[in-house]
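Visitor: Got a minute to look at a model with me? I'd like to talk through how one of the chains is put together.

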Amino acid sequence: MKEVLEGSHAVSEAVRLARAKVISAYPITPQTHIVEALSEYCADGSLDARFICVESEHSAMASCIGAASAGVRTFTASSSHGLALMHELLHWASGARLPIVMAEVNRALGPGWNIWMDQSDSLSQRDTGWIQLYCETAQEVLDTTLQAYRLAETVNLPVMVVLDAFFLSHTYEPVDIPDQQSVDKFLPSFEPRISLDQQNPNAIGQMAPPAYYMEMRHSIQMAMQSVMEHFIDVERQFEHVFGRSYGPITPFACDDAQYIFLMAGTSASTCRQAINSLRDKGHKVGVIKLKMFRPFPYQDVRKILKHAKKVIVLDRNCSFGAGGIFAQELRSAMYASDRHPQIFSFISGLGGRDVTVDHFFEMFDRIEKADYPDDESVWIGLNP
Amino acid sequence: MSQSIQTQPPNNVSLLISQSRTNTLGNKTGTWRFVRPKYQEKTAPCSNACPLGIDVAMVEMFASRKDYQNALNTVLMENPFPAICGRVCFHPCESACNRQFLDQSVGIHHIERFIGHWGLNRTNISCKYPEFNGASIAIIGAGPAGLSVAYFARRLGYRCDIFEKSDNPGGLLKYGIPSYRLPDRILMDELHRLDDEGIQFKYAQSISMDQINALKQQYDALFLCCGDANSITLKISGEQFSIDGLDLLRQIRSNQMPLIEGTVAVIGGGNTAIDVARSVLRMGAHPVILYRRTRKEMPAHPHEIDAALSEGVLLKECLSPIDIQKNTNLFEVSFQRMKPGEKTNEGRQTYIPDGNRRETITFNHVVSAIGAEMDIMWRNELWDLSLSHCRMKKIEDQPVFWCGDLTTSEKTVTHALASGKQAVIAWDVMQNQKENEIHTICHQCQVGKGPALSFDIYTKGDRKNRNNTEIVKFEHVNTAYFPNIPAVQINKISQESCQNSFDEVISGFNESQMIEEATRCFNCGICNDCDTCRIFCPEMAIQWDNTTRHILMDYCKGCGICIEECPRDAMKLEVEP
Amino acid sequence: MCKNTQEMISGSIMAKKYPSDDYIMPGHVACPGCGAVIAMKFALQALGPKTILVIPACCWAVVAGVHPQTSLKVPVLHTAFETSGAAASGVRAALDMKGDTETTVVAWAGDGGTFDIGFQSLSGACERNENFLYVCYDNEAYMNTGVQRSSATPYGAQTTTTPRNAWKSHRKKNIIDVLAAHRIPYAATVNIAFPDDMMRKFKKAKDIQGTRFIHAYASCPTGWRIPSDQTVAISRLAVQTNLFPLYEVENGIDYTINYQGNRSIAEYLKVQGRFKHLTEKDHVDIQEMVNEDWQLLNNKAS
């Protein structure tokens with residue numbers, strides 16, 4: 001059923017349809033609409049779940065870990081400082097191999113306090129062992145959240161569904177909301193493979209000395225390496241039921257492109273507009289929207305970039321001292337390839353600063369003229 | 001939508017997490033320890049002080065649980081007459097009781113009386129008297145020593161013939177101790193314990209030394225238990241005017257109430273003097289005890305002295321009689337005043353005449369109660385065996401044992417009973433061809449530091465596992481488990497009744513009083529299954545399988561909490577071998 | 001109000017009155033004489049097998065078993081240090097959603113994870129009146145990491161972060177008062193030297209709905225520098241000197257004192273290595289503080 005939905009509500013609808021049983025969250029702008037909607041659903045009974053109004057994000061993740069360990073489907077949402085506060089437990093959730101799904105609204109970190117769009121928060125957590133899926137539209141948010149549960153419960157890794165602050169979380173778009181029956185068919189009830197067991201009392205999460213720990217970590221990595229295969233499978237099934245799929249990356253006009261842009265989130269929509277204009281002018285340009293960031297989709301990216309000469313990466317984030325994070329990851333992914341397009345790193349749109357088609361034109365101009373990329377990322381759109 | 005949705009978890013997803021699949025029983029943490037605990041029972045100070053070595057702590061434990069059969073059996077292993085001792089014993093157990101250092105000693109004496117009373121008319125004992133072993137013994141005298149010999153000897157299978165010069169058994173129990181302390185009925189009921197084909201009483205048979213030779217032919221051993229038949233005389237001029245105290249008591253007990261009225265001088269400071277004084281008081285007379293030293297030095301039991309004084313008996317100290325003169329119906333007794341002299345090397349206070357200070361007091365009667373001694377025919381110097389409470393001499397290779405007041409240093413019922421037990425054990429050892437091991441075996445059977453011997457240990461009972469020489473000290477009792485509870489007060493008849501009748505003065509505990517008092521016992525050194533060790537063990541290394549408690553040495557880390565918390569010092573810590 | 005009964009003191013009670021089921025297995029790696037193990041022993045005997053434990057980082061996280069072993073006969077969820085209140089909330093919510101209303105969820109944390117780093121999530125859980133039992137076994141320092149001070153460390157104690165002349169000069173936080181202020185239905189102190197009282201309170205807490213908090217005194221021979229056999233004796237002294245009174249608070253307002261002690265605090269201080277640096281004057285000062293706190297408690301109970 002099609003409705004005009006705020007991005008936040010695409011999340012909450014999906015969580016309702018997924019029949020999460022325990023939701024534990026702490027409010028932080030701009031995630032608040034997600035949790036407020038879920039509170040209402042729990043209160044009016046349209047979602048049969050327990051909503052725990054915890055006193056911090058750290059406790060939100062802890063409660064989800066507790067609930068997931070006891071064998072139920074869980075959900076939480078956060079952003080920015082809240083996500084940062086959870087950091088320790090993000091490691092815990094993946095180490096415990098719990099299929100927790102979290103909506104993460106990409107927001108800047110302070111000081112200065114900034115509630116607007118920025119990718120630094122989620123990317124700072126890229127080492128925590130969570131699957132990270134970046135969304136561009138409200139429909140994609142809803143779909144990805146439903147898929148996230150299937151994926152998480154298949155590989156026993158937690159999943160972060162990421163959406164841009166305000167640009168996605170607070171804008172309204174038409175969304176096809178599936179019916180409960182179809183969702184139940186796609187996403188059956190949770191059968192936990194890890195659970196506290198009263199019949200054969202077990203201890204979970206104990207101390208693991210050197211003789212055991214490394215194998216556990218290797219197991220996480222192995223699970224991560226199997227994600228691509230299961231993601232494809234989940235998307236295939238999703239498409240079968242609902243008629244939509246996205247792929248780990250979504251290329252646009254890349255087949256014959258010499259210059260390819262790469263980015264995640266809503267800026268991909270803007271970029272496509274720039275691509276169309278540039279194409280009209282005869283440039284062979286394209287754009288890759290990166291959906292799956294963890295695990296990094298090496299094969300898909302290398303394949304798409306096979307014939308590219310230059311790759312233009314837009315990072316709405318910065319890892320100080322090493323530059324834009326998507327650019328770093330791409331360089332790393334491409335090094336092992338037999339093709340080495342030049343990778344140009346641009347940073348723009350931090351803390352809610354708009355990224356416009358003109359910014360893309362500027363980036364294109366720069367790279368067209370440049371022989372080599374700089375070591376350091378180039379910042380676009382700074383005020384003088 | 002016909003395609004089924006994949007719900008089975010795929011088997012290519014690695015899922016190795018930190019989760020338990022076994023338990024910690026494989027960690028033998030016993031290797032950590034350098035000391036190890038052990039259940040080691042010890043001797044309670046009461047048992048150590050008891051001349052009979054009764055397992056008092058065990059008795060109190062059973063009594064507090066209303067397990068009277070086991071309480072009685074435990075007493076009867078060492079003492080055949082609890083109903084009697086529970087009335088007449090001087091209870092050194094109470095003086096040694098560790099509980100006195102917390103609040104007050106446990107009333108062991110009165111608890112024994114209760115258990116004894118329960119046992120009256122219940123003739124079952126822990127073992128029925130066994131089959132005869134073929135040997136037989138003769139016992140001269142049916143006083144406490146002789147009765148004790150008969151009891152223990154019969155329990156070892158010997159036939160016993162007791163020769164008693166009077167018409168009744170009991171000796172001083174019958175003819176000496178007044179009925180307000182030991183009613184005749186109780187004595188008779190208690191003696192039913194000896195009703196058995198293997199114990200034969202022959203009354204009105206006075207045996208002299210000459211007849212010993214004849215008896216020797218018919219029996220495998222002889223036991224002389226005649227006691228001190230001869231009262232010690234005053235040896236002063238006019239002594240013929242004095243009445244013998246022991247005779248007087250005998251007459252009273254035989255219901256031949258002599259005519260005693262007015263003031264009565266009772267000369268002496270021992271239990272006999274007290275018994276005489278309290279008896280004549282009850283006959284309406286006014287007794288005055290005259291003793292040549294002070295109350296502190298009187299050999300009578302302190303509680304007996306207290307009882308006498310509270311009943312109205314007067315005591316005059318430091319007076320030694322010099323002569324007695326008759327003046328019509330009255331007797332004028334002259335006394336030398338005494339005063340403290342030097343102290344002996346052992347610290348005893350001597351008394352010497354205080355110059356010429358004299359006193360003459362007139363009495364209606366004069367009673368002498370200064371002690372008794374054995375008949376001259378039983379005197380002997382050279383012995384073949386000398387133990388703490390008995391002696392033995394072989395007469396033409398036949399062992400003859402001297403027991404009871406003939407040989408004990410303290411002349412009490414309890415010592416006499418102990419003497420009988422000791423003699424029987426020595427005899428039995430000889431019968432088993434181990435005469436040269438008598439001292440060793442007695443040492444093995446001793447209770448605590450001795451000299452009391454345990455019949456239980458001798459007959460290989462459980463008590464042999466107790467650490468005999470280690471006496472439980474109060475410091476080792478964990479008083480955290482014992483709140484202050486004062487002793488239960490015993491019931492007595494009124495002062496007036498005391499003065500007017502020979503009714504028993506002390507009524508004894510009723511059941512709830514007895515249980516309350518027995519519960520106060522620490523049960524020093526014995527395990528009473530309180531389970532404190534198991535309750536606190538942090539290794540779960542103390543397990544209980546309905547019959548025994550044992551320590552899992554695979555896991556015990558030797559922390560020592562069990563030993564520290566054991567309320568009654570029934571455990572011990574050893575260095576890990 | 002207050003009554004000392006003979007039942008407060010075990011040892012005169014026979015075996016059959018005490019449960020013989022143990023829910024801890026031998027072979028665990030706690031220090032010899034560990035008071036925290038004795039606390040868990042009594043707690044589980046009172047609570048029974050339908051219990052799930054949530055254990056954060058603390059000594060018990062190791063004692064509960066190192067992978068792949070467990071030393072407990074009930075399920076255990078290990079969680080991060082400061083999360084027991086929140087994790088237990090999550091477990092409870094999950095069990096409720098699964099329709100299981102019989103299993104007791106018990107958070108079992110040390111003083112660090114309760115008084116300090118875990119305080120926030122505990123306070124949050126109390127305010128929400130989450131339906132679980134939270135037990136803090138208090139050995140009065142961060143023992144697992146090497147005896148560093150916590151806000152539960154008593155005034156006067158030496159720890160590795162309050163060493164020598166820098167001994168702890170702040171009073172122990174009164175956790176019961178703090179949590180009682182949340183109006184939770186039940187908060188109580190227990191002590192391993194008083195097992196009857198302890199088991200009674202655990203049984204009572206088990207049947208109450210809402211957040212129940214039990215503060216369990218658990219002496220630590222290793223950290224307190226006492227001989228390993230003194231664990232129970234020292235615990236007993238803490239109650240008998242009124243330093244660690246036994247009491248209950250219902251609904252945050254009804255105080256009941258269970259035991260009146262009458263021994264001087266010097267008896268308690270003199271026998272522990274962590275206090276041996278204290279002078280007579282310090283003993284007097286501490287006695288005054290104990291008296292003051294005891295008086296305040298009595299005021300609340302009357």
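Guide: Sure. One term before we start: two strands count as paired if DSSP finds at least two bridges between them. And keep in mind that this is a predicted model.

Visitor: Okay, so which residue stands opposite B:Ser386?
Guide: That's B:Arg391, which sits in β19(B).

Visitor: And in what sense do β18(B) and β19 of chain B pair?
Guide: Antiparallel, over two bridges, with β19 covering residues 391–395.

Visitor: What's the strand order in the sheet?
Guide: In chain B it goes β6-β5-β4-β7-β20-β19-β18, an open sheet of seven strands with mixed pairing.

Visitor: Which strands stand at the edges, then?
Guide: β6 (199–202) and β18 (385–386) of chain B. Each has a single partner strand, so one side of each has no neighbour in the sheet.

Visitor: What lies across β5 of chain B?
Guide: Helix α7 of chain B, residues 144–155, at about 170° to β5(B). Helix α7 also lies across β4, β6 and β7 of chain B. Then there's helix α10 (residues 209–218), which lies across β4, β7, β19 and β20 of chain B and runs at about 140° to β7(B).

Visitor: Switching topic: how many domains does the assignment give chain B?
Guide: Four: domain 1 is 24–41 + 527–575, domain 2 is 45–124 + 471–488, domain 3 is 136–230 + 374–467, and domain 4 is 232–371.

Visitor: How many residues does domain 1 of chain B put into its contact with domain 2 of chain B?
Guide: Six, and domain 2 of chain B also gives six. On the domain 1 side, that's two nonpolar, one polar and three charged residues. The C-alpha centres of these two domains of chain B lie 28 Å apart.

Definitions and conventions: Residues are numbered from 1 along each chain as its sequence is written. Chains are lettered from A and ligands numbered from 1 in the order in which they are written. This is a predicted model: local features need pLDDT of at least 70, side-chain atom pairs count only at pLDDT 80 or more; totals for chains, interfaces and linings use all residues. Domain bounds come from an automatic or database domain assignment. Two residues are in contact if their C-beta atoms, placed from the backbone, lie within 7 Å. Ala, Val, Leu, Ile, Met, Phe, Trp, Tyr, Cys and Pro count as nonpolar, Asp, Glu, Lys and Arg as charged, and the others, Gly among them, as polar. Helices (H or I, at least four residues) and strands (E, at least two) are DSSP runs, numbered from the N terminus. Axes are lines fitted to C-alpha atoms, for helices over the stretch in contact, and angles run from 0 to 180 degrees between N-to-C directions.
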